[in-house]
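This report looks at how charged side chains pair up in one protein chain, and then at two points in its backbone. Please keep the sequence and the structure in view while reading.

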Amino acid sequence: MVEFFSLYLKDKERFYSLWVEENPAVITPYVTGDIGNIQVTAHEGWDAVKAFWDPIHDDMHGKFDWYIDEVIAGEDPNVIITRTHSDVDVQADGVFGGVHPTYQGRYVQIFRFTDGKVKAFEEYFDTAQLASAYGG
């Protein structure tokens, strides 16, 4: 988990190496049309997953620090829940529209693993806070 969060905005290729080779998924159950890459609920397969993560890695510059507050093991050993928070101060260009969001977010993530690799990443967050920070 530490490596997953520490690679944000730093090493996209290493970040992608943490994922399964076939059919990874990013699930964002609460979505908003106000944020460039958070407009669909499920991003399945490499094309969709990269369409979600590439703008974050390529178009955001600055501080996007993650802090893991708690790791909760699921009944299934391949499921881990994290409670995290972030400290964000970035220039967000590209799909984000050239904004400079600064905020501290709180999140709950559900990771599903296959053979030690991330199969699915599901995230819950305050969509109103995020939309406000990005000018929505």
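A search of the whole structure, which is a predicted model, finds seven salt bridges. Side chains of opposite charge can pair when their charged atoms come close. Three of the pairs are listed in the table.

| Pair | N to O distance | Elements | Separation in sequence |
|---|---|---|---|
| Glu3 and Arg14 | 2.6 Å | helix 1 and helix 2 | 11 residues |
| Asp58 and Lys12 | 3.0 Å | helix 3 and helix 2 | 46 residues |
| Lys63 and Asp87 | 2.8 Å | strand 3 and strand 4 | 24 residues |

**Pairs between helices**

The salt bridge of Glu3 with Arg14 has its closest N and O atoms 2.6 Å apart. It links distant parts of the chain, since Glu3 belongs to helix 1 (residues 2-6) and Arg14 to helix 2 (residues 12-17). Are these two residues buried or exposed? Glu3 has a relative accessible area of 33% and is partly exposed. Arg14, at 36%, also counts as partly exposed.

Helix 2 takes part in another pair, in which the side chain of Lys12 meets that of Asp58 in a salt bridge. Asp58 lies in helix 3 (residues 46-59) and Lys12 in helix 2, so this pair ties together parts that are 46 residues apart in sequence. Asp58 has a relative accessible area of 39%, which makes it partly exposed. For Lys12 the value is 21%; because buried means under 20%, Lys12 counts as partly exposed.

**Pairs involving strands**

Lys63 and Asp87 form a salt bridge with an N to O distance of 2.8 Å. Here the link runs from strand 3 (residues 60-73), which holds Lys63, to strand 4 (residues 79-92), which holds Asp87. Lys63 is partly exposed, at 34% relative accessible area.

Which residues are joined into one network by salt bridges that share partners? They are Asp69, Glu70, Arg83 and Arg106.

**Two backbone angles**

Most residues other than glycine have a negative phi. Leu9, which is not a glycine, has a positive phi near 65°. Leu9 is placed in the loop between helix 1 and helix 2.

Asp115 is not a glycine either, and its phi is positive at about 50°. Where does Asp115 lie? Its place is the loop between strand 5 (102-114) and strand 6 (117-125). With a relative accessible area of 76%, Asp115 is exposed.

Definitions and conventions
Residues are numbered from 1 along each chain as its sequence is written. This is a predicted model: local features need pLDDT of at least 70, side-chain atom pairs count only at pLDDT 80 or more; totals for chains, interfaces and linings use all residues. Side-chain values use heavy atoms; hydrogens and water are left out. A salt bridge is a side-chain nitrogen of Lys or Arg within 4 Å of a carboxyl oxygen of Asp or Glu. Helices (H or I, at least four residues) and strands (E, at least two) are DSSP runs, numbered from the N terminus. Buried means under 20% relative accessible area, exposed over 50%, partly exposed in between (1.4 Å probe, protein chains only).
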